[in-house]
Structures are given as C-alpha cells and as structure tokens.
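User: I have a structure open here and would like to go through it in pieces. Can you take my questions as they come?

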Amino acid sequence: MHDLVIRNALLVDGLGSPPRRGDLAVKDGKILEVGKTSLSAKETVDADGLALMPGIIDNHTHYDAQITWDPWASPSPALGVTTAVIGNCGFTIAPCRPRDRDLVMKNLTQVEGMSLAVLRAGVRWDFETVPQYLDLLERQGSALNVAVFVGHSSIRTYVMGEAATERAATEAEIGSMRNLILEAMKAGAVGFSTSTSPAHNGEGGKPMPSRLADEKELHALVGCLREAGRGVFMLTKGGHTRIDFLEALAAASARPVVIAALLHSSTNPDAVFHDLQEIEEANRRGHRLVGAVSCCPLAMEFTLHSPYVFEGLEAWQPALPLKGEQFKSKLKEKPFRDALRAEIARPAHFRLFNGEWQLVQVIQSARGELEQKSIAQLARAAGQDPLDFMLDTALDENLDTVYSALLLNSDEAAVGRMLKHPCSLVSLSDAGAHLTFFNDAGFGLHLLGHWVRELGVLTLADAVWRLTGQPAALFGVKERGALKVGHHADLLLFDPATVDRGPKRRVFDLPGGNPRLTTGAVGVHGVWVNGVRVAGKDGAVPRERLPGRLLREFAVN
Ligand SMILES: [Zn+2]
C-alpha cells in the first residue's frame, strides 16, 4: 500500500524532458513509481490532466531571521516552494555573540525591510555558532527543506565587532574568518555568500560589513570552499566588482559562483547583457559562473521614512544617518537635492533608480487626488521639478506618503532574453527580506503563468527545469529537483491554464503586529514536502509535524 498516488497528471520531470501523462506514487516520503501504477494508496488524487512537477527550489531567500519564529516560512510553501536556500548576500544571523545581537539586527533592519522591534521580538537566539544555528533549525523543524549559506557579514562582525563596518581585515582576522567558514561547511552549510553592493546598508546608513572586504580577503575566504571540496559561492555585486575577478575566484576555488543581481535597467539596457556575455566566456574557459536573474519586474512600495530606492545613491548618503527633524531639514536643502538630481542624471552601470519618474506612482496620500498618478505627471501639472515635487509633497504629509516605483526588469523583451540565456539562473525572490517593499516569493508561479503561458518565452519543460533540476544540480541538493524514482517527494500540482501569483496584500502578522506584504497562489492544487501535503487549493494546510528537512549533506559536483 502506497501513501499517496497522484493519477492522470501531466508529468513535467524537472530535467527538461517533454511533459507526458502518467501517475506518480509515493511511499515513506519518497517517489516509488513514475509513469504507471496500479497499486492503491491511503490517499489518491485524480489530477485530471493538471501538471505535476518537482517542488520549486528557491535559491535566493532571506528567511534566516523569520524562520526562527515562523517555521512555515510564510508564504513560500503555498507558492510551490519546497526548498529554500537562506543566508543569501551574506546577511545571516549566525554566528553571533550575545553582546552583538543588537548590532546584527540593526544591520538587517534596512536590508530586510523589518523594524528592529520586529526582530527583537521575533528572533529566537538559541545559538551562537553556525553549527548551533543549524541544530536549532533541525530541532525546530520547518514546513519546507532548508539549505543555509554561511554569510560574510555575520562572520565579519563575529571576528571584528563594530570595526567590521569600518575597515579592511588584518591577516589574523582573515584567518579567524576562514576557520568559521570551514567549521560551518563541515556542519552542513551549502556555501559562502557575500555582497559588495552599495544598495546594502545597515541602520544609520553604515555599509554592510562585507562591503569593507578587499579582494585579498575575498580570495582567502572563497578559498575555504576549495578546502571543503564543495559548496557554492554567491555574491551580490556592486558595479565595481568585475566579472574577471569573480572568474579568478571560481578558478582558484574550483567552485561554482552565483552572481547576483542581474536586473535589467532601461536606462542602461546593455549592462546586464555584457555581464552575461562575460559569464558565458568564463564558462567556455571551464569556470562555473551563473548570472542570477529575476523573472519579476522589480517594483517597490516605500515611504520616505525608509526609501530603499534612494539609499544606494552617493548623494543620499548625508541623509542616511539622520532621523526626525534633522532628516526632514536635509530633504529640504537645495544643495542636497541638486546633488541627487545630478547623480540620477549621470549614467550608471547598475543603479536601482534611474530618474524614470513616470514609473514612480503615489499609492497613498493625504491628498487623495494624487493617488494612482505618476510623479512625472503630477510634477508637470504643478509646473515643478519631479524630485522637488516628490520631496515637498512627502514633507507636507510627515513623510507618510506611500509610493510605488517600477525600478528594473520592466522591459519584457530584454528580460525574456535574460531568462533564456544559457548561463542564467532564475533567482532573486528575496523571500523573507524587504518585507514592506515588495514580495516576489511567488516568482516560480509567475514564471509558469506569465513567461510560459502568457508570453510563450519558455516552454513548460524548460521553465520547470530552471525552477528545479537546474538549481538542484548547481547547489548539490541531493535526490530532489526531479520526478525520479528514489527522489524525495517534493511536489507541486498546478493548473497550467491558470497558474499565477496573486495580488500583493498588506498583512499585519509580524511579531508585534507589524506589517508586511504577502501574496497568495492562483491555480495551485497541491504542494507536498517529503510526501506530506503542506498546501492545497486554499493555501497552506496546517500541520502539527513539519515535514521539511534541514539539508546538511550535498552532492560533490
Ligand atoms: Zn538578497
């Protein structure tokens, strides 16, 4: 007797094979038969032609903090995600000494879009080292499977304290960081992650610690993966980080390098394609580099209390550490505004906001007549410069005006080329981070609905491979990512004719009742993790025993 049989499904195997009709049987959390089964089971699902694929592997999430208070990693499982890689960009919470907890949480507030109050109320600090953090996750359990990066910013703070955000590391400090990475890899980390991006700042505008690392430090730390003999190096790069330097790291470590965040900018439309071309050339030389791309337009909601959109700008830096009235008077200064205008007008290799005022909208204002109109349109009508208009309106409303900005990745022809590129990896959901700005946790459903069904840019088989088999192979995730006998039964049953992510909603369920954006699924009929159903037609199914596993053993690839 099987545990579960799904009959009459369109099987999409995650390996790129053409979809075919058939059944799939599960016993003890594993796939026992694929194709045809005559056996009966405790639970039978008649798929009636719905598509069945391996569960989505979300390779770019930030659930490190959230998962300690929310083992459901909401909303990912209901969106078809059965495995999440956490700790991207080096933003982890382990290792951490008790005395540094506030420091680490303050670093996370800005980049994660969570308030310090939420983190203080939420994070379960039952660990100090990475191995202890892994033990905590294993003990506590989770709805989905989790793989954990060891993150550069945390190990830097652990070794250097406050100085981590101020200076380069000494030889001895680099040695201590190396020991921490090797210890974490031994305990089961999936790889090492970092960021050199100027958009990544902690509280008060301090750079994230990893941004202070020089090339020597990065070389030494990535070298740990060579010693470990496995693991992925992931980096979110600033414009100054060259692909040839990353290729040198891939060559020296003999490990794959995931390069984020390749997002398309309409004002510098060739930049990401140059990066992808260099990545492709590196692959031809035998080095494993992939470009992490997104299938979602990068749209953010924000207020000027915390304008992530502007915080990476050089000219914004004088405002970053300021609060209250001081901050407001800075926003009024003409020289400050002129410097911003000048910087936005200059071409940049990569920048979140590039002066596309027609793509910035007022969402919520004390003056209702402004809502749903673009800053470009409103400023023109008022005979004002757009930046002046935006800042003046916000200042009149105590900075509570809510905006949304369509920043990057809105040119569908360009994004389609990126998604199909042989060296790209569909990524960048950032699930668990930027919680008040955007939520792309449903990126996989968007790929299946928008890019496969609506636009026909990818075939169903190719899209499913990009969400499952490809990341499984790259990250060395064992026996997952394919509908194969012997694999763990991580499954997503969906209707290809309707699949999509739902609209974003603001909910108030963070610790202390704080808000975040969330999104539901459309066309999802079932999600199973290790053979246990975690979501059905109406979203997540509550379970007492959480079926997800902490992944600690990876294939040596
Ligand atoms: Zn990230």
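**Backbone, metal site and cavities**

User: Which residue follows α16, and is its phi positive or negative?
Analyst: Gly-456 follows α16, and its phi is positive, near 65°. Keep in mind that this is a predicted model.

User: And α16 itself, is it mostly covered or not?
Analyst: Mostly covered: of its twelve residues, ten are buried. Among them are Phe-443, Leu-445, His-446, His-450 and Trp-451.

User: Switching to the metal. Which residues are the protein donors of the zinc ion?
Analyst: His-60 and His-62 each donate through NE2, Cys-89 through SG and Asp-430 through OD. These donors lie 2.1 to 2.6 Å from the zinc ion.

User: What do the angles make of the arrangement?
Analyst: The arrangement is irregular, because the four donor atoms subtend angles of 78 to 171° around the zinc ion. For reference, four tetrahedral donors would ideally give 109.5 degrees.

User: How are the donor residues spaced in sequence?
Analyst: The spacing is H-x1-H-x26-C-x340-D. Cys-89 sits in the loop between β7 (81-86) and α2 (101-112), and Asp-430 in the loop between β16 (424-426) and α16 (443-454), so this pair ties together parts 341 residues apart in sequence.

User: Cys-89 and Asp-430, buried or exposed?
Analyst: Buried, both of them.

User: What about β7, how many of its residues are buried?
Analyst: Six of the six, so β7 is largely enclosed by the rest of the structure.

User: Which strand does β7 join through three bridges?
Analyst: That is β6, residues 56-58, which runs parallel to β7. In that pairing Ile-57 stands opposite Thr-83 of β7.

User: And which strand pairs with β7 over four bridges?
Analyst: Strand β8, residues 145-151, also in the parallel sense. There Val-85 is opposite Ala-147 of β8.

User: New topic. How many cavities of 30 Å³ or more does the count come to?
Analyst: Five. The largest has a volume of about 320 Å³. It is lined by 26 residues, and those closest to its centre are Ala-261, Leu-263, Tyr-308, Asp-430 and His-434. Asp-430 is also one of the zinc donors.

User: Which elements each supply at least two residues of that lining, I mean for the largest cavity?
Analyst: β11 (257-262) and β13 (298-302) do. By class, the lining of the largest cavity divides into 16 nonpolar, seven polar and three charged residues.

User: How much space lies in the second largest cavity?
Analyst: About 120 Å³. Its lining has 15 residues, with Ala-261, Val-272, Asp-275, His-349 and Phe-350 closest to the centre. β11 and α9 (271-284) are the elements that give two or more residues to this lining. The classes there are seven nonpolar, six polar and two charged.

User: Ala-261 came up for both. Which peptide bond leading to Ala-261 is cis?
Analyst: The one from Ala-260 to Ala-261, with omega near -10°. Ala-261 is in strand β11. As background, most peptide bonds are trans.

User: Which peptide bond to a Pro is cis?
Analyst: Ala-94 to Pro-95, where omega is near -5°. Pro-95 belongs to the loop between β7 and α2, which is also where Cys-89 lies.

User: Now phi. Which Ala has a positive value?
Analyst: Ala-73, with phi near 45°. It lies in the loop between α1 (66-69) and β7. Ala-73 counts as buried because its relative accessible area is 0%, below the 20% limit.

User: And Asn-398, what is its phi?
Analyst: Also positive, about 55°, although Asn-398 is not a glycine. This residue lies in the loop between α14 (386-396) and β15 (402-408). At 39% relative accessibility, Asn-398 is partly exposed.

User: Last one. Where is Gly-476 found?
Analyst: In the loop between α18 (469-475) and β17 (491-494). Its relative accessibility is 2%, so Gly-476 counts as buried.

User: How far apart are Gly-476 and Gly-513 in space?
Analyst: The distance is 38 Å, C-alpha to C-alpha, for a sequence separation of 37 residues.

Definitions and conventions
Residues are numbered from 1 along each chain as its sequence is written. This is a predicted model: local features need pLDDT of at least 70, side-chain atom pairs count only at pLDDT 80 or more; totals for chains, interfaces and linings use all residues. Side-chain values use heavy atoms; hydrogens and water are left out. Donors are N, O and S atoms within 2.8 Å of the metal (3.2 Å for Na, K and Ca); water is not among the atoms, so sites may look incomplete. Four donors count as tetrahedral if all angles lie between 85 and 135 degrees; four count as square planar and six as octahedral if opposite donors are over 155 degrees apart and all others between 65 and 115; anything else is irregular. Buried means under 20% relative accessible area, exposed over 50%, partly exposed in between (1.4 Å probe, protein chains only). Two strands pair if DSSP finds at least two bridges between them. On a 1 Å grid over the protein atoms alone, a cavity is a set of points where a 1.4 Å probe fits but cannot get out, and a pocket is an open set with protein on both sides within 12 Å along at least five of seven lines; lining residues have an atom within 4 Å of a point. Grid points are joined across faces, edges and corners, and a volume is the space filled by probe spheres set on the points. Ala, Val, Leu, Ile, Met, Phe, Trp, Tyr, Cys and Pro count as nonpolar, Asp, Glu, Lys and Arg as charged, and the others, Gly among them, as polar.
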